[in-house]
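Visitor: Please show me the model, and then walk me through its strands, helices and charged pairs.

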Amino acid sequence: MILTITLNPSVDINYKLEEFSLDRVNRVNSTSKTAGGKGLNVASVLRQLEEETAASGFLGGNLGDSIRKELDIKGIIDYFVEIEGNTRNCIAIIHDGRQTEILEDGPTISEKESNDFLKQYSEAVQQSDYITISGSTPQGIKDGYYSKLIEIAHQFQKPVLLDTKGSLLKATLRSNKKPFLIKPNQDELGDLIGKAVMSEKEILTALQEDILQGVEWVMVTLGGKGAIVKHKETIYRVRIPKVEVVNPVGSGDSVIAGFAAGLSRGLKDEEFIKFGLAMGTLNALEEKTGSVDVNKINWCLGEVNVEKVVYEYNES
């Protein structure tokens, strides 16, 4: 089983308008409301890949109840902890070829709720083979919380795939126990090491930084250009097929789902890389966020190119 963690989930509301007018009434004919949050996108793709999947985090109020119902429909095992606060809404207004987002902060988690989750999480980890941790943390949860989750996973020898950024990623990587895999994009890698990385050579140099040591897989995603991947001491350049993008939102989450499914299926090295990156490409072809067409998997795998990079690091 693969356990997905979304500490700050949401109900994602999409409003589609031909045009959006400020200070006026805007009527919406096309609306969708779905369970949102990066980890829940991961869980949705895993279920489409027919992987046994569980989801956990914090849920509260009527919106939390609606997410639980959606999990049940999708066949995702519900390990969420009930809280007194209300789960948040995240609104996306799609208009004039643009997307305007209105994101609520969400509930503040109490110390008791935080401790309740750690207990539930520890039990769920023991029933799982792999863990994914995605996105931000809600109010009341400090940056060191993900480090606690990874430490618990290490106690039971369960690999953690971590997808977060900024101070939260930096704090987690400074801990003694490291995630098995991280997936920063080019900008996030620059934030992590404290300077911009623009060229491939700068990315390769950044991958040697001390803060990344001990992480078995570092996937630096480059959008439509593919990725640079470091596995232990081996570096790969990955090129993905050029496609007509329908909706790129959730592609990073789909990549994490692909990697988790790849581990579950025992894929190694280049095949593992291909499967993960292919899921991101397939998500971009679908209108619905966190969705892949499983009938296109073999085609996409055949279009992903992975090659080893020979790079000599010079500290001077």
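**A strand, its neighbours and its salt bridges**

Guide: Strand 9, helix 4 (residues 145-155) and strand 10 form a right-handed β-α-β unit; here a crossover is right-handed if, with the strands pointing away from the viewer, the path from the first strand over the helix to the second runs clockwise. Helices (H or I, at least four residues) and strands (E, at least two) are DSSP runs, numbered from the N terminus. Residues are numbered from 1 along each chain as its sequence is written, and side-chain values use heavy atoms, with hydrogens and water left out. This is a predicted model, in which local features need pLDDT of at least 70 and side-chain atom pairs count only at pLDDT 80 or more, while totals for chains, interfaces and linings use all residues.

Visitor: Which residue of strand 11 is the bridge partner of Leu162?

Guide: Two strands pair if DSSP finds at least two bridges between them, and strand 10 pairs with strand 11 in the parallel sense over two bridges. The chain passes from strand 10 through helix 5 (residues 166-173) to strand 11 in a right-handed β-α-β crossover. On the side of strand 9 (residues 130-134), which runs parallel to strand 10 and is joined to it by four bridges, Leu162 stands opposite Ile133. In strand 11, the bridge partner of Leu162 is Ile182.

Visitor: Which residues of strand 10 are buried on the side opposite Val160 and Leu162?

Guide: In a regular strand the side chains alternate between the two faces of the sheet. Buried means under 20% relative accessible area, exposed over 50%, and partly exposed in between (1.4 Å probe, protein chains only). Both faces of strand 10 are covered, with Val160 and Leu162 buried on one side and, on the other, Leu161 and Asp163.

Visitor: What is the distance between the closest N and O atoms in the salt bridge of Asp163 with Lys183?

Guide: A salt bridge is a side-chain nitrogen of Lys or Arg within 4 Å of a carboxyl oxygen of Asp or Glu, and by this rule the count comes to 12. Asp163 and Lys183 are both buried, and they belong to a network of salt bridges that also links Lys38 and Asp253. Between Asp163 and Lys183, the closest N and O atoms are apart by 3.8 Å.

Visitor: Is Glu307, which forms a salt bridge with Arg237, buried or partly exposed?

Guide: Arg237 and Glu307 form a salt bridge whose closest N and O atoms are 2.8 Å apart, and the pair links strand 14 (residues 234-239) to strand 15 (residues 305-309), 70 residues apart. Glu307 also meets Arg239 in a salt bridge (2.7 Å, N to O). Whereas Arg237 is buried at a relative accessible area of 19%, Glu307 has 30% relative accessibility and therefore counts as partly exposed.

Visitor: Which residue caps the N-terminal end of helix 6?

Guide: Buried residues of helix 6 include Glu188, Leu189 and Ile193, and the helix's buried residues pack against helix 5, helix 7 (200-206) and strand 12 (217-221), contact meaning heavy atoms within 4.5 Å. Just after helix 6, Gly194 takes a positive phi of about 85 degrees. At the N-terminal end, a side-chain oxygen lies 3.1 Å from the backbone nitrogen of Asp187, and the capping residue that supplies this oxygen is Asn185.

Conventions: A polar contact is a pair of N or O atoms within 3.5 Å; within protein, one must be able to donate a hydrogen and the other to accept it, and residues adjacent in sequence count only if both atoms are side-chain atoms.
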